[in-house]
Amino acid sequence: MGLLRVEGLSKRFGGLRAIENLSFEVSPGSVQAIIGPNGAGKTTLLNLLSGLYVPDTGRVAVDGHDLAGRPAHRFAAAGLARTFQNLQVFFNMTALENVMTGRHLRESQALLPALLRLEPMVWAEHRSRARALELMQQVGLGAWTGARADAMPYGALKRLEIARALALEPKLLLLDEPAAGLNPTEAREIDALIRTLAAGGMTVLLVEHNMALVMEVSDRVLVLDHGTKLAEGTPAEVARDERVIEAYLGVEGLVTESATEGAAQGTGGTLDMRGALDMHGTLGNTAPAARQAGGHA
């Protein structure tokens with residue numbers, strides 16, 4: 001049984017069909033990517049999977065427990081943590097304090113001990129701080145622990161969100177375009193981080209426009225188009241699927257110069273699926289080997 005099992009999931013906004021009768025599974029310890037053209041329903045799907053949206057129909061089961069229609073905190077308590085396409089960071093707090101907020105379900109929330117600063121609460125805070133420091137080191141932000149979030153560069157803030165999500169100690173990590181807006185060097189850092197997490201057994205479900213990253217880290221890829229499943233399979237299978245190529249490139253298989261440049265630079269926009277297919281020999285088969293080697297390419 002999959003860690004996450006989605007069955008017949010649908011969501012409409014008025015007359016707009018955002019997600020329609022979608023079903024898929026995510027296996028424990030795997031990395032699954034969700035791709036699709038702009039407007040395909042990818043972020044809507046993540047919102048449904050994290051309790052921010054209530055589905056019209058369908059099931060969202062985590063470890064066999066259906067959470068569809070439950071509030072977001074129930075999803076978090078069940079072991080789902082996520083990041084956002086648009087940064088959701090506390091800019092008036094330090095980086096370390098941002099990560100510590102992710103521990104809210106793992107430490108005591110009793111009001112009186114907090115007000116009186118009783119010893120159990122003090123020790124809990126020390127544990128949270130120590131764990132937050134470990135996570136910041138893990139995501140490569142050890143030098144930013146005392147910095148205010150509003151003083152950090154965009155690429156570091158992307159990793160800060162991942163560290164905060166990991167502070168929840170999730171079973172399933174949902175990443176919404178973790179490489180969006182990053183330069184090639186920053187995108188490679190996200191790539192390496194996801195592979196390291198996967199090598200440690202973390203289950204990851206990510207929405208991403210950077211096809212090089214998708215081909216590098218994913219065990220399976222789910223392709224959405226207008227809210228429905230267009231294709232699903234290994235990166236190699238998806239890259240060769242003519243329906244996927246047509247959805248991205250059009251019937252004639254044409255790519256504009258600007259779109260090709262965007263895909264080559266990893267900046268999002270239209271995905272060059274034929275380029276992804278060309279890269280398959282070097283990227284498509286690396287994820288399992290990288291995990292066996294402890295997350296190193």
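## Exercises on a predicted model

In this predicted model, strand 4 (residues 57-62) and strand 5 run antiparallel and are joined by 2 bridges.

**Exercise 1. Determine which residue of strand 5 stands opposite valine 62, and place the two strands in their sheet.**

Step 1. The residue of strand 5 that faces valine 62 is histidine 65.

Step 2. Strands 4 and 5 belong to an open sheet of 4 strands, whose order is 2-1-4-5 and whose pairing is antiparallel.

Step 3. Strand 2 (16-26) and strand 5 (65-66) each have a single partner strand; they are therefore the edges of the sheet, and one side of each is left without a neighbour there.

Step 4. Helix 1 (residues 42-49) lies across strand 1 (4-13), strand 2 and strand 4. Its direction is at about 120° to strand 1.

**Exercise 2. Classify the geometry of the aromatic pair formed by phenylalanine 13 and tyrosine 53, and state which parts of the chain the pair ties together.**

Step 1. Searching the whole structure yields 1 aromatic pair.

Step 2. The centres of phenylalanine 13 and tyrosine 53 are 5.4 Å apart, and the planes make an angle of 70°.

Step 3. Planes over 60 degrees apart count as edge-to-face, and the pair of phenylalanine 13 and tyrosine 53 is edge-to-face.

Step 4. Phenylalanine 13 belongs to strand 1, whereas tyrosine 53 is in the loop between helix 1 and strand 4; the pair therefore ties together parts that are 40 residues apart in sequence.

**Exercise 3. Describe the largest cavity by its volume, its lining and the character of the lining residues.**

Step 1. The count is 1 cavity of 30 Å³ or more.

Step 2. The space in the largest cavity amounts to about 40 Å³.

Step 3. Its lining consists of Thr83, Phe84, Lys158, Glu161, Ile162, Asp176, Pro178 and Ile190.

Step 4. By character, the lining comprises 4 nonpolar, 3 charged and 1 polar residues.

Step 5. Helix 6 (residues 154-166) contributes the most to this lining, with 3 residues.

**Exercise 4. Describe the pairing of strand 9 with strand 10, and identify the bridge partner of valine 221.**

Step 1. Strand 9 (residues 220-225) and strand 10 (residues 228-233) run antiparallel, with 5 bridges between them.

Step 2. Valine 221 has glycine 233, in strand 10, as its bridge partner.

Step 3. In the hairpin of strand 9 and strand 10, 2 residues lie between the strands. Within this hairpin, histidine 226 adopts a positive phi near 55°.

Definitions and conventions. Residues are numbered from 1 along each chain as its sequence is written. This is a predicted model: local features need pLDDT of at least 70, side-chain atom pairs count only at pLDDT 80 or more; totals for chains, interfaces and linings use all residues. Side-chain values use heavy atoms; hydrogens and water are left out. Two strands pair if DSSP finds at least two bridges between them. Contact means heavy atoms within 4.5 Å. Axes are lines fitted to C-alpha atoms, for helices over the stretch in contact, and angles run from 0 to 180 degrees between N-to-C directions. On a 1 Å grid over the protein atoms alone, a cavity is a set of points where a 1.4 Å probe fits but cannot get out, and a pocket is an open set with protein on both sides within 12 Å along at least five of seven lines; lining residues have an atom within 4 Å of a point. Grid points are joined across faces, edges and corners, and a volume is the space filled by probe spheres set on the points. Ala, Val, Leu, Ile, Met, Phe, Trp, Tyr, Cys and Pro count as nonpolar, Asp, Glu, Lys and Arg as charged, and the others, Gly among them, as polar. Rings of Phe, Tyr and Trp (its six-membered ring) pair if their centres lie within 6.5 Å; planes under 30 degrees apart count as stacked, over 60 as edge-to-face and the rest as tilted.
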